[in-house]
Every structure is written in structure tokens, then in C-alpha cells.
Amino acid sequence: PRGRGARYDHAGGGAAMNALEIVIIDDDEGDRKLVRRLLSKSGLAHQIHEARGAHDLRPASEAVDAVFLDYLLPGADGLALLGELRQRWPRAAIILMTGQGDEEIAKSAILLGAADYIAKSSLNQDAVARMLKRGIEAARLKWRLDEQRRELSTFSEVLVHDFKAPIRAADYLAARAEEAMEADDPEGARESLSMLRRSVRQMAELVDSLAAHIRLDRDQQPTTIEAGDIVKRALAA
């Protein structure tokens, strides 16, 4: 079934031509029919995938936007399935439905990552449209924040690794220069100091690169680096 209207834009406004991908997981045909009917009145274009339970869940598009999940399912409950669904569709807003309202279930659902919770007796056209719009926007925002955290974690690991190499080299070269001076070897000391300055310049370049990377408000221009310079840096490390 496909509702009328344009797809809700996850970025926060506007419309897109694609329909929302919505999954309904409920073993009660009457309840699934109710959700389908309310979705058709929501004014949002949508494509529906249905399942009676986790075992009956057929592959759907990876770009699922929302999941209406029944709390009581054959052989399991919706809370147990929440984690699996969040891993399968990390961008989706999962809306947990129960036959009767229960504050403890509601709190558990939100803590486990559900975007919203509603008793089936409270389902209506306005509630469905509201939960979809707010839930999808919140789920998309959370997914983007999680992606940024992962990227930041990877970036920090690379940065720490790249800084350790010239620091180790500087420590080693400083000790070698000291040994050369104690041994009255000015030529050896000059060589070590020259290499030490090179390591210091490398650290300064890393700091400049970091500063340029975090200036998101400025245009970044690509630079050309000679392959020989990269090899020299690697050998010096």
C-alpha cells in the first residue's frame, strides 16, 4: 500500500519523491490492518512490509525508515527484538505497540533504543503521523551522531599513532646527540640535531594538518606530497 503525499524529509523539512519504507511486525492481522489504514491517512507516501514475528521477517530494504513493533509476539516479546532490529536497520525509528499501556515497558523500550511507545488503544491518524515525523527525524539524527562518533574515534586513533612516531624519533635523536657531545663527536651531534629538527618539523606539520581538518567552516584545498618525502618520513620513524 502506498499513501498519498510526499516523503518526509529526514534532514528537517522539504519533501522527497521516494516513499517511506515502513515495517509492521505484529501477529494480529486486525492490528496490522489498523496500522495500514492509519498510515494511508497520514499524508505520507509509504511502502509497507509486514511480518507476524521475528521468524516471519522477510528481507526488506536496508533503508527502512520506521518499524511498528508489537510488544507481544509468538515466542518472544518486542523488547527482546529491539536490539536485533536496531542493528539491522540503524536509521529506523522503532515504535513499540502494546495492547495495554504500561509505563515500565515504555521506559524499557526507550532505554533500549525505541523512538516511541504507544498503546494500541491510543493509535489514531494524528498519533501515527506525529510519531513517524518525530521518530524518523530523531532516529536519523542519532544515526548521524553515532557515525560522527565512530569517525572521530578512528581519527583520534590515527592521530595518536602518527604523533607517537616523531615523538619517539625526537627522544631517540636527543639521546644520540647527547651521547655524541659526551664522546666529543661534534659531527655526530650535528647530524643527530639535524634529524631532530626534521622530526620537530614533522610534528608541527601534523599540528597544522589537525588544525586545518577541524576548521569545518573553511574551504579545504588538496595539496601535493612527493612520494619520496613520505618514504623519508617512514624511514625516520
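Begin by selecting Ile24 together with strand 4: this residue stands opposite Glu50 of that strand. The model on display is predicted. Extend the selection by one pair, and Ile25 appears with Ala51 of strand 4 as its bridge partner. These pairings belong to the junction of strand 3 and strand 4, which run parallel and are joined by six bridges.

Next, colour helix 2, residues 78-88. This helix packs on the sheet and touches strand 3, strand 5 and strand 8. Its direction makes about 160° with that of strand 5.

Now display the sheet as a whole. It is open, has five strands in the order 4-3-5-8-9, and shows parallel pairing. The edges are held by strand 4 and by strand 9 (116-119); each has a single partner strand, so one side of each lacks a neighbour in the sheet. Viewed from one strand to the next, the twist averages 20°.

Keep strand 3 and strand 4 visible and add helix 1. Together, strand 3, helix 1 and strand 4 form a right-handed β-α-β unit.

Within strand 4, which covers residues 46-51, select His46. Is His46 buried or exposed? With a relative accessible area of 1%, His46 counts as buried, because the limit for that class is under 20%. Show its side chain as sticks: it reaches the backbone oxygen of Leu44 at 2.8 Å.

The nonpolar interior is the next stop. As a general matter, nonpolar side chains in soluble globular proteins tend to be buried together. In this model, the largest nonpolar core has 21 residues, and those with the most contacts inside it are Leu39, Phe68, Leu123 and Leu132. To see where the core residues come from, select strand 3 (20-25), helix 1 (29-40), strand 5 (66-70), strand 8 (93-98) and helix 4 (125-182), each of which supplies at least two. Which element gives the largest share of this core? Helix 4 does, with six residues.

Centre the view on Leu123. Leaving out residues up to four places away in sequence, Leu123 touches Leu34, Val35, Leu38, Met97, Ile118, Val128 and Met131. A second core, separate from the one just visited, has 20 residues, including Leu79, Leu81, Ala92 and Ile105.

Move on to helix 5, residues 186-214, and select Leu206 within it. Its relative accessible area is 17%; Leu206 is therefore buried, since the class requires under 20%. Which residues does Leu206 contact, leaving aside neighbours within four places in sequence? They are Asp162, Phe163 and Pro166. Draw a distance from Leu206 to Asp162: the two are 44 residues apart in sequence, and their C-alpha atoms lie 8.0 Å apart in space.

Finally, return to the full chain. Its secondary structure comprises six helices and nine strands. Of its 237 residues, 35% are buried. Among contacts in the chain with a separation of 6 or more, 67% link residues 24 or more positions apart.

Definitions and conventions: Residues numbered from 1 in each chain as written. Predicted model: local features only at pLDDT ≥ 70, side-chain atom pairs only at ≥ 80, totals over all residues. Heavy atoms only, no water. Core = buried A, V, L, I, M, F, W, Y, C linked by side-chain atoms within 4.5 Å. Buried < 20%, exposed > 50% of the residue type's maximum accessible area, 1.4 Å probe, protein only. Helix = DSSP H or I, 4+ residues; strand = E, 2+ residues; numbered from the N terminus. Contact = heavy atoms within 4.5 Å. Polar contact = N/O pair within 3.5 Å; in protein donor to acceptor, adjacent residues only side chain to side chain. Pairing = 2+ DSSP bridges. Axes fitted to C-alpha atoms, helices over the stretch in contact; angles between N-to-C directions. Right-handed = clockwise from strand over helix to strand, strands pointing away.
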